[in-house]
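Please consider the following model, beginning with its overall dimensions and proceeding to its sheet, its helices and a single side chain.

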Amino acid sequence: NTLLSVTPKKDIDVAVFVLSRRSAFSTRKVIRNTWARGHDNVFFVVGACCLIPPQHRKEWTCERAKASSSSEQVQWNKKCMAQDTNLAVENSTHGDMLFMHEVDVYRHLPQKVKFCYEWGVNHTNANWFVKTDDDSVVRVGTLEKYLKNTYDEHKYTIIGYIADKWDVPRGGK
């Protein structure tokens, strides 16, 4: 696999994981040039390419809904390979990307988040993990100060909205 994850970073207090689509090259560039600039604790997380062309998948998944012609499949395979190459170049340039082996589709967001946390536990000594998306803005320095000054890093703490006792959604996003 040509996609390699970043070098472990043991000297950070807060790891910011930015969930990103494989194709979001320009979005990641904007983030690097704005709110992530000067922060070596911001990591972009992408998954593997789904080998089924998007127009032939069930919605939000990597499950086939209809057959692809040979030419459509060849074209999609080339696009996946080109993205892999571009992602490898992007990572070699910036060194801030994490690649999970699961395919990058909406239904795999829980696996993507779990991957972030596993990587963070195994490759950093961060006291805090922050999960965000590439359509959000994080004031990294302000957030670091807030977490350090507000919470005890030695106590397990989850900050966010927990949907307790909700039914599992069976359709849609």
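**From overall form to one arginine**

Of the 173 residues of the protein, 36% count as buried. The model is a predicted one, and the values below should be read accordingly. Its C-alpha trace spans about 60 × 45 × 25 Å along the principal axes. The accessible surface amounts to about 11100 Å², and carbon and sulfur atoms account for 53% of that surface. As to charge, the protein carries 25 positive and 20 negative charges, whose mean positions lie 5 Å apart.

The secondary structure consists of four helices and four strands. Read from the N terminus, these elements follow the order β-α-β-α-β-α-β-α. Contacts that reach across the sequence are also informative: among those between residues at least 6 apart, 73% join residues at least 24 apart.

How are the four strands ordered in the sheet? They form an open sheet in the order β3-β2-β1-β4, with parallel pairing. The edges are occupied by β3 (97–103) and β4 (128–133), each of which pairs on one side only. On average, neighbouring strands of this sheet are turned by 30° against each other, direction ignored. In general, the strands of a sheet pair through backbone hydrogen bonds, in either a parallel or an antiparallel manner. Here, strand β1 (residues 14–19) and strand β2 (residues 42–48) run parallel and are joined by four bridges. Within this pairing, Phe17 has Phe43 of β2 as its bridge partner.

Two helices may now be placed against the sheet. Helix α1 (residues 25–33) packs on the sheet and touches β1, β2 and β3; the direction of α1 makes about 170° with that of β2. Helix α2 (residues 70–94) likewise packs on the sheet, where α2 touches β2 and β3. The direction of α2 makes about 150° with that of β3.

One residue of helix α1 merits closer attention, namely Arg32. Is Arg32 buried or exposed? Its relative accessible area is 11%, and Arg32 therefore counts as buried, since the limit for that class is under 20%. Which residues does Arg32 contact, when its neighbours within four places in sequence are left aside? The contacts of Arg32 are then Arg37, Phe44, Glu90, His94, Asp96 and Met97. Among these partners of Arg32, Phe44 falls within the residue range of strand β2, Glu90 and His94 fall within that of helix α2, and Met97 falls within that of edge strand β3.

Technical notes. Residues are numbered from 1 along each chain as its sequence is written. This is a predicted model: local features need pLDDT of at least 70, side-chain atom pairs count only at pLDDT 80 or more; totals for chains, interfaces and linings use all residues. Side-chain values use heavy atoms; hydrogens and water are left out. Buried means under 20% relative accessible area, exposed over 50%, partly exposed in between (1.4 Å probe, protein chains only). Contact means heavy atoms within 4.5 Å. Accessible areas come from the Shrake-Rupley method with a 1.4 Å probe; for residues, only the protein chains shown count as cover. Lys and Arg count as positive and Asp and Glu as negative; His and the chain ends are not counted. The place of a charge is taken as NZ of Lys, CZ of Arg, CG of Asp or CD of Glu. Two strands pair if DSSP finds at least two bridges between them. Axes are lines fitted to C-alpha atoms, for helices over the stretch in contact, and angles run from 0 to 180 degrees between N-to-C directions.
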